[in-house]
Amino acid sequence: MNSDFIEALKNKDLAEIRKISKSDLHNHAPRGGNKRYIEEWKGIKIPDAPIFKNLNEMNDWNLKNIKPFIKGVKGYEKRIEAAFVQANMDGVRLLNMSFNIDEVSEYANSVENMINSLKKIHLKFAPNTVFIPEIALGSYMDTDEVNEKLNEFLHYDYFKSIDIYGDENNLFKFKKVFKKAKNNGLILKAHVGEFGCAELVQRVVEELELNQVQHGISAANSKSVMKWLANNKIQLNICPTSNIYLSRVENYSKHPIRKLYDNGVKVTVNTDDMIIFDKSVSEEFLNLYNAGVFNCEELNEIRENGLKLLHNV
Ligand SMILES: [Zn+2]
């Protein structure tokens, strides 16, 4: 299997790369789907995304070009379906995909109904994919409300990891929430080091006791932070195309993933918001190869990094 991936990359054969097991560990469910699948279902054309200056620009674009066409619980479930269809099509064997804790409102606040629906969609559209459901919190959310909702989510023992996104300087308020999640055996993650500095990455990992970081690319600006991440075996789930579209990185060849890797930081390659960025995990690998960032053997090692959790599921 390993040599198949190396061979497929060498031949730049996307169809073959797709057949080989991969992981996607940084994927926001309602934005993680295949764009063409949604276009066909709705009979619309979603325009190509422009380069965004920041997250607000991206959210505005999403509000204007995607959200109005995919409304209500039916639209929500179609988006989730599109994400599983995408994973299945791209050989994503391990999918750690996140659901905003507020999305339960699509199910009249019944966590049970939400979980039943997710289970059904997973089994119908990606039965061969091992799925790790993740709870996502926004940094803007009220901690007491989150705490209450989290109790209900944890009660069902379905979600196995937790992530925070938003203002990177406003993550510490979830310290208690993360402690509870840790005590319940969840994998702990947060979006940090996408916009914030290297030192912030280390501080957030320490304070919230994270296992993994979503993005974390600014860690490449500090030798000591990279060393600390490497020594503590903190994995960075990196999304190269997302970083380009959000003006964090100029192009693939200049992506700091190489520097992080060279400094011993464990990295994986992921999609983030496929319905916007339109690059699958397979394409991310191929793009890094084409840009000369890694050789085939290194990319294979990164692919295997992402699949390690499979042995614990
Ligand atoms: Zn993300």
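Modeller: Before we begin, two residues are said to be in contact when they have heavy atoms within 4.5 Å of each other. Please keep in mind, too, that the structure above is a predicted model.

Biologist: Let us try that on N34, then: leaving aside its neighbours within four places in sequence, with which residues is N34 in contact?

Modeller: With those neighbours left aside, N34 is in contact with A82, A83, Q86 and M89. N34 itself lies in the loop between β1 and α3 (35-42), and a polar atom of its side chain lies 3.0 Å from the backbone nitrogen of R36.

Biologist: Does N34 count as buried or exposed?

Modeller: The idea is that a residue is called buried when its relative accessible area is under 20%. N34 counts as buried because its relative accessibility is 7%.

Biologist: I would like to follow a second polar side chain in the same way. Where is T268 found, and which side chains are joined to T268 by a polar contact?

Modeller: T268 is found in strand β8, which covers residues 267-269. One polar contact, of 2.6 Å, joins its side chain to that of N237, and another, of 2.9 Å, joins the side chains of T268 and N270. Not counting residues up to four places away in sequence, T268 touches L25, Q235, L236, N237, I238, I302, N305 and G306. With a relative accessibility of 1%, T268 therefore counts as buried.

Biologist: How should I read a backbone angle such as phi, and which residue in the loop between α10 and β7 deserves a look?

Modeller: In general, most residues other than glycine have a negative phi. In this model K233, found in the loop between α10 (223-231) and β7 (235-238), has a positive phi of about 55° although it is not a glycine. K233 counts as exposed, because its relative accessibility is 68%.

Biologist: And what is the phi of D272, and is D272 buried or exposed?

Modeller: D272, which is not a glycine either, has a positive phi of about 75°, and its place is in the loop between β8 and α13 (274-277). At 3% relative accessibility, D272 counts as buried.

Biologist: Turning to the interior, how many residues does the largest nonpolar core have?

Modeller: A nonpolar core is a set of buried nonpolar residues joined through side-chain atoms within 4.5 Å. The largest one here has 84 residues, and those with the most contacts inside it are F99, L137, I162, F178 and L229. Taking L137 as a case, and leaving aside its neighbours within four places in sequence, we find L137 in contact with I101, V146, I162, D163, I164, Y165, F174, V177 and F178. There is also a second, separate core of 14 residues, which includes A49, W61, I70 and I275.

Biologist: How many cavities of 30 Å³ or more does a search of the whole structure find?

Modeller: A cavity is a space where a probe fits but cannot get out, whereas a pocket is open. The search of the whole structure finds 1 cavity of 30 Å³ or more, and about 50 Å³ of space lies in the largest cavity. Its lining includes D24, N27, A83, Q86 and D90, among them A83 and Q86, which are also in contact with N34. The largest share of this lining, 3 residues, comes from α5, and by class the lining has 6 nonpolar, 4 polar and 2 charged residues.

Biologist: What, then, is the volume of space in the largest pocket, and which residues are closest to its centre?

Modeller: About 800 Å³ of space lies in the largest pocket. Of the 35 residues that line this pocket, R31, N62, K67, N100 and Y165 are the closest to its centre. Helix α4 (55-65) gives the most to the lining, with 6 residues, while α4, α5 and β2 each supply at least two. By class, the lining of the largest pocket has 12 nonpolar, 12 polar and 11 charged residues.

Biologist: Lastly, how far apart are the C-alpha atoms of K19 and S282?

Modeller: The C-alpha atoms of K19 and S282 are separated by 9.2 Å, although these residues are 263 residues apart along the chain. K19 is found in helix α2 (residues 14-19) and is exposed, with a relative accessible area of 60%. As a second pair, L94 and N147 are 53 residues apart in sequence and 28 Å apart in space, C-alpha to C-alpha. L94 is found in strand β2 and is buried, with a relative accessible area of 0%.

Conventions. Residues are numbered from 1 along each chain as its sequence is written. This is a predicted model: local features need pLDDT of at least 70, side-chain atom pairs count only at pLDDT 80 or more; totals for chains, interfaces and linings use all residues. Side-chain values use heavy atoms; hydrogens and water are left out. On a 1 Å grid over the protein atoms alone, a cavity is a set of points where a 1.4 Å probe fits but cannot get out, and a pocket is an open set with protein on both sides within 12 Å along at least five of seven lines; lining residues have an atom within 4 Å of a point. Grid points are joined across faces, edges and corners, and a volume is the space filled by probe spheres set on the points. Helices (H or I, at least four residues) and strands (E, at least two) are DSSP runs, numbered from the N terminus. Ala, Val, Leu, Ile, Met, Phe, Trp, Tyr, Cys and Pro count as nonpolar, Asp, Glu, Lys and Arg as charged, and the others, Gly among them, as polar. Buried means under 20% relative accessible area, exposed over 50%, partly exposed in between (1.4 Å probe, protein chains only). A polar contact is a pair of N or O atoms within 3.5 Å; within protein, one must be able to donate a hydrogen and the other to accept it, and residues adjacent in sequence count only if both atoms are side-chain atoms.
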